[in-house]
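Open your viewer and get ready for a short tour. We will go from one selection to the next and say what is there.

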Amino acid sequence: MGILGFLILGLIAGAIAKAILPGRQGVGWVLTLVLGVVGALLGGWIGSLIFGGGLAEFFDLRTWLLAILGSVIVLLVYGAITSRSHRGA
């Protein structure tokens with residue numbers, strides 16, 4: 001998968017992760033892209049550890065599921081970090 005495909009995958013996976021998680025994350029599309037790409041990398045790493053294969057082709061269902069799973073995890077961590085910093089202020 002090329003870099004453009006990976007960026008599109010990250011943006012869409014991040015947007016889906018934002019739709020799955022309840023509440024308002026309050027992030028724009030650029031941060032959604034960054035969190036989605038980081039989530040896709042995390043999902044690919046998790047997939048390679050568990051299933052022996054990470055992200056494959058752009059239109060592979062396993063690629064999308066791993067990217068969305070990773071994006072949900074990254075968004076949960078991001079939400080926990082930012083909510084803690086807002087409570088402390």
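In which helix is the place of isoleucine 12? Select isoleucine 12 and you land in helix α1. Before we go on, note that this is a predicted model, in which local features need pLDDT of at least 70 and side-chain atom pairs count only at pLDDT 80 or more, while totals for chains, interfaces and linings use all residues. Residues are numbered from 1 along each chain as its sequence is written, and side-chain values use heavy atoms, with hydrogens and water left out.

**Stop 1: the whole chain.** Show the protein as a cartoon. You will find 3 helices and 0 strands, running α-α-α from the N terminus. Helices (H or I, at least four residues) and strands (E, at least two) are DSSP runs, numbered from the N terminus. Along its principal axes, the C-alpha trace spans about 45 × 25 × 20 Å.

**Stop 2: the surface patch.** Stay with isoleucine 12, which is partly exposed because its relative accessible area is 36%. Here, buried means under 20% relative accessible area, exposed over 50%, and partly exposed in between (1.4 Å probe, protein chains only). Now add Ile3, Leu4, Leu7, Ile8, Leu11, Ile16, Ile20, Trp29, Val30, Val34 and Val38: with Ile12, they make a nonpolar surface patch of about 1,100 Å². Patches are made of residues with over 30% relative accessible area and no salt bridge, like charges being joined within 9 Å and nonpolar side chains (Val, Leu, Ile, Met, Phe, Trp, Tyr) within 5 Å. A salt bridge is a side-chain nitrogen of Lys or Arg within 4 Å of a carboxyl oxygen of Asp or Glu. Both α1 (3-20) and α2 (29-50) supply at least two residues of the patch, and α1 gives the largest share, 8 residues.

**Stop 3: the core.** Next, select Phe6, Leu9, Ala40, Ala67, Val72 and Leu75, which touch the most other members of the 15-residue largest nonpolar core. Such a core is a set of buried Ala, Val, Leu, Ile, Met, Phe, Trp, Tyr and Cys residues joined through side-chain atoms within 4.5 Å. Two or more core residues come from each of α1, α2 and α3 (61-88), with α3 giving the largest share, 6 residues.

**Stop 4: one residue in the core.** Which residues is alanine 67 in contact with, leaving aside its neighbours within four places in sequence? Select Leu9, Ala13, Gly39, Ala40 and Leu55 to see these partners of alanine 67; contact means heavy atoms within 4.5 Å.

How values were computed. Accessible areas come from the Shrake-Rupley method with a 1.4 Å probe; for residues, only the protein chains shown count as cover.
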